[in-house]
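Please keep the sequence and the three-dimensional view side by side while you read. The paragraphs below move from one part of the chain to another, and each is easier to follow if you find the named residues as they come up.

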Amino acid sequence: MRRSTGPESIVPPAAPGGGGAGLRPVGAAAGQECEVTTWARLLGDEEPAEERQAEAGFFARLRDSLGKSRRALTDQLAAAAFDPADNEAWERLEEALIAADVGVPATAELVRRLEARAEVGDLTEALVDEAAGLLGEPGTLDVRERPSVVLVVGVNGTGKTTTIGKLAFHLHDHGRSVIVAAADTFRAAAEEQLEIWAGRAEADFVGSERGGDPAAVAYDAIEAASARGRDVVVVDTAGRLHTQTNLMEELAKIRRVIEGKLAGAPHETLLVIDATTGQNGVRQAQLFGQAVQVTGVALTKLDGSAKGGVALAIAHELGLPVKLVGVGEGVEDLHPFAPRDFARALISG
Ligand SMILES: Nc1nc2c(ncn2[C@@H]2O[C@H](COP(=O)(O)OP(=O)(O)OP(=O)(O)O)[C@@H](O)[C@H]2O)c(=O)[nH]1
Ligand SMILES: [Mg+2]
């Protein structure tokens, strides 16, 4: 199949004068290196230098997207200089973190880590460091097996289908042949929406009759991938059924059928969380975690959210790696999660 879009059209232009490991993103403070986290790295591929260079520009987009969240966090802190000897200063810090949807356990942990420092020094810098530490290492997406299966779950409207479309596009852009499976047979327009994305990503599409068995769609897609020698199957699921219990039972069934069809599958189970829902997203993750074993989170709609701090709650409270972030509706708006860049964009800008 011929590509309709070249890679140069999906990556932002490189920063002028940038090159190699010393690249600095637009707007990064002097002396701060960009933690370039590329699609190649996420997928475990060799990393071409031009990809590192081009993706450094994503930091600027992330920083813009996290503007609202950053203001929610820093407005309260900026008013006074931080004095570690002042109890009220610590209380203000805690309040600011909780207001930014970091959640109580992750806030307590951040404060504990800051208090454990011999000296806090510049609060912003210290907080960026500790937040990055809490977020952990950049994640990877396990798509080494052929075929690999990525099951995508989440509440309705969080951005599952859109994220799958973008992911399929980037997988294709990195040399993977992809099949997308419309195992959301509940909603009328769901198939059509996924099929449009499949076209953009040059992925094969597997669907069913409306109201058909979602697990059977996943089964058919894996069978097709094996028969056609495709690399990755990405399975879209419903976000809403008649009742929440039905949904969880259905997802668990889809998972069981995938496991039964292909040993080791699903290789990834991504939970899509809408960042604008903040702490609600944490509760969703607990619920989905019980039904299907979630291996990572795609945090979407950071562009419209003031609750980006929820990434810290997800990482710390649930121990789930955030693997992808969504900052808009376009194909270039999905990006591998870079913990240090994220912490910096969230806290210091
Ligand atoms: N601003 C913004 N919008 C997004 C992002 N990701 C998804 N959306 C939008 O959110 C809306 C819902 O996205 P879908 O992909 O249909 O969500 P879904 O989880 O598949 O929804 P259901 O199929 O109903 O369960 C769409 O209008 C998307 O364009 C994002 O990162 N930023
Ligand atoms: Mg959908």
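Begin with helix α4, which covers residues 67-78, and bear in mind throughout that this is a predicted model. On one side of α4, Asp75 and Ala78 are exposed, whereas Ser69, Arg70, Ala72 and Leu73 of the helix are buried. Seen down the axis of α4, the buried residues fall within an arc of 160°, so they line one face of the helix. Among the elements that cover these buried residues are α5 (87-99) and α14 (339-347). Between α4 and α5 there is a loop that holds Ala81, and because Ala81 has 9 C-beta neighbours inside 10 Å, where a residue with 12 or fewer is called exposed, it counts as exposed. The C-alpha atom of Ala81 is separated by 8.8 Å from that of Leu123, although the two residues are 42 positions apart along the chain.

With that helix in mind, consider the chain as a whole. Its secondary structure comes to 14 helices and eight strands, and buried residues make up 51% of its 349 residues. If one takes the contacts with a separation of 6 or more, 76% of them are accounted for by residues 24 or more positions apart.

Now turn to the strands, starting with β1, residues 148-153. Six of the six residues of β1 are buried, so the strand is largely enclosed by the rest of the structure. Ser148, Val150 and Val152 point one way from β1, while Val149, Leu151 and Val153 point the other way, and the residues of both groups are buried. Which strands pair with β1? One partner is β4 (residues 232-237), which runs parallel to β1 and is joined to it by five bridges; here Ser148 has Val232 as its bridge partner. Another partner is β5 (residues 268-274), which pairs with β1 in the parallel sense over four bridges, and in this pairing Val150 stands opposite Glu268.

A further parallel pairing, over three bridges, is that of β6 and β7, in which Leu299 has Val325 of β7 as its bridge partner. Strand β7, residues 322-326, is mostly covered, since five of its five residues are buried.

Some of these strands also help to cover a helix, namely α12, residues 279-291. This helix has 13 residues and reaches 19 Å from its first C-alpha to its last, which is close to the 18 Å expected at 1.5 Å a residue. Its buried residues are Gly281, Val282, Gln284, Ala285, Phe288 and Ala291, and what covers them includes β1, β5 and β6 (296-300) as well as the helices α11 (244-261) and α13 (310-317).

The next place to look is the surroundings of ligand 1. Of the 22 residues around ligand 1, those that come nearest are Gly159, Lys160, Thr162, Gly239 and Gly326. Helix α8, residues 160-173, gives the most to this shell, with three residues. Sorted by class, the shell has three nonpolar, 12 polar and seven charged residues.

Finally, some details of the backbone deserve attention. Most residues other than glycine have a negative phi, and most peptide bonds are trans. Against this background, a cis peptide bond joins Arg146 and Pro147, with omega about 0°, and Pro147 lies in the loop between α7 and β1. Another cis peptide bond joins Ala265 and Pro266, with omega about -5°, and Pro266 is placed in the loop between α11 and β5.

Positive phi values are found at Glu202, with about 50°, and at Lys301, with about 60°, although neither residue is a glycine. Are the surroundings of these residues such that they are buried or exposed? Glu202, in the loop between α9 (190-200) and β3 (204-206), is partly exposed because it has 17 other C-beta atoms within 10 Å. Lys301, in the loop between β6 and α13, has 25 other C-beta atoms within 10 Å and is therefore buried.

How values were computed
Residues are numbered from 1 along each chain as its sequence is written. Chains are lettered from A and ligands numbered from 1 in the order in which they are written. This is a predicted model: local features need pLDDT of at least 70, side-chain atom pairs count only at pLDDT 80 or more; totals for chains, interfaces and linings use all residues. A residue is buried if 20 or more other C-beta atoms lie within 10 Å of its own, exposed if 12 or fewer, and partly exposed in between; C-beta atoms are placed from the backbone. Helices (H or I, at least four residues) and strands (E, at least two) are DSSP runs, numbered from the N terminus. The arc is that of the directions from the helix axis to the C-beta atoms. Two residues are in contact if their C-beta atoms, placed from the backbone, lie within 7 Å. A residue is near a molecule or strand if its C-beta atom, placed from the backbone, lies within 6 Å of it. Ala, Val, Leu, Ile, Met, Phe, Trp, Tyr, Cys and Pro count as nonpolar, Asp, Glu, Lys and Arg as charged, and the others, Gly among them, as polar. Two strands pair if DSSP finds at least two bridges between them. The expected span of a helix is 1.5 Å times one less than its number of residues.
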